[in-house]
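Here are a few notes to read with the model open beside you. Take them one at a time and find each residue as you go.

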Amino acid sequence: MTRARMPRPHEVAAARRDPRLLRAVQERRQDDAWRTRGTCQSVDPETFFPAPNEPADAAVALCRSCDVQGSCLAWALDVGDCHGVWGGTTPRERRAMLVAWRGEVEPDLGAIDDAGPPVRDRLLALVPLS
């Protein structure tokens, strides 16, 4: 198994402008039931987890027509999932998006400081910052 490399600055800059990421930021936590309406519900899950030497084109094409693409990508970025196709993105694309994502959603953590040390510490343990 190969180790994933850190995205380069130009990849992160491109990710910040990617319409899929912009949609995910808008739809973040907007729809908790997105999984029940995904196009992927009627497709073999193996389609979305191709082997490293196989193309992910079929999965990405299915995601393009899905109504919950933004919520799906937001979920994958929130949990830091780096395997398979989520929200129409490959793992490589998501690694660059994840850097941009953390810059976008980090301001939300400012409200955590007001919650007090015990609550803040529990919440920060749930958020992958590195």
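1. Let's start with a term you'll need. A polar contact is a pair of N or O atoms within 3.5 Å, where, inside a protein, one atom must be able to donate a hydrogen and the other to accept it. Try it on Gln69: its side chain reaches the backbone oxygen of Gly87 at 3.0 Å. Keep in mind that you're looking at a predicted model.

2. Now zoom out. What pattern does the protein follow along the sequence? It reads α-α-α-α-α-α-α, with 7 helices and 0 strands. Of the 130 residues, 34% are buried. The exposed surface comes to about 8,500 Å², and carbon and sulfur atoms supply 55% of that.

3. How does the chain meet itself? Take the contacts between residues at least 6 apart in sequence: 60% of them join residues at least 24 apart.

4. Have a look at helix α3, which covers residues 57-64. Its buried residues are Ala59, Val60 and Cys63. Looking down the axis of α3, you'd see them fall within an arc of 100 degrees, so they line one face of the helix. Here's the general idea: an α-helix has 3.6 residues a turn, so residues three or four places apart point the same way.

5. What about the other side of α3? The face turned away from the buried side carries the exposed residues Asp57, Ala58 and Arg64. The buried residues, for their part, pack against α4, residues 69-79.

6. Back to Gln69, which sits in helix α4. Is Gln69 buried or exposed? Its relative accessibility is 11%, so it counts as buried, since the cut-off for buried is under 20%. Besides the link to Gly87, the side chains of Gln69 and Arg23 are joined by a polar contact of 3.5 Å. If you skip neighbours within four places in sequence, Gln69 is in contact with Arg20, Arg23, Cys63, Arg64, Gly87 and Gly88. You've already met two of those in α3: Cys63 on the buried side and Arg64 on the face turned away from it.

7. Last stop: Glu27, in helix α2, residues 19-27. Glu27 is buried too, with a relative accessible area of 16%. Which backbone atom does its side chain reach? The side chain of Glu27 gets to the backbone nitrogen of Ser71, at 3.3 Å. Not counting residues up to four places away in sequence, Glu27 touches Gly70 and Ser71.

How values were computed: Residues numbered from 1 in each chain as written. Predicted model: local features only at pLDDT ≥ 70, side-chain atom pairs only at ≥ 80, totals over all residues. Heavy atoms only, no water. Buried < 20%, exposed > 50% of the residue type's maximum accessible area, 1.4 Å probe, protein only. Helix = DSSP H or I, 4+ residues; strand = E, 2+ residues; numbered from the N terminus. Arc of directions from axis to C-beta. Contact = heavy atoms within 4.5 Å. Areas by Shrake-Rupley, 256 points an atom, 1.4 Å probe, with all protein chains shown as cover.
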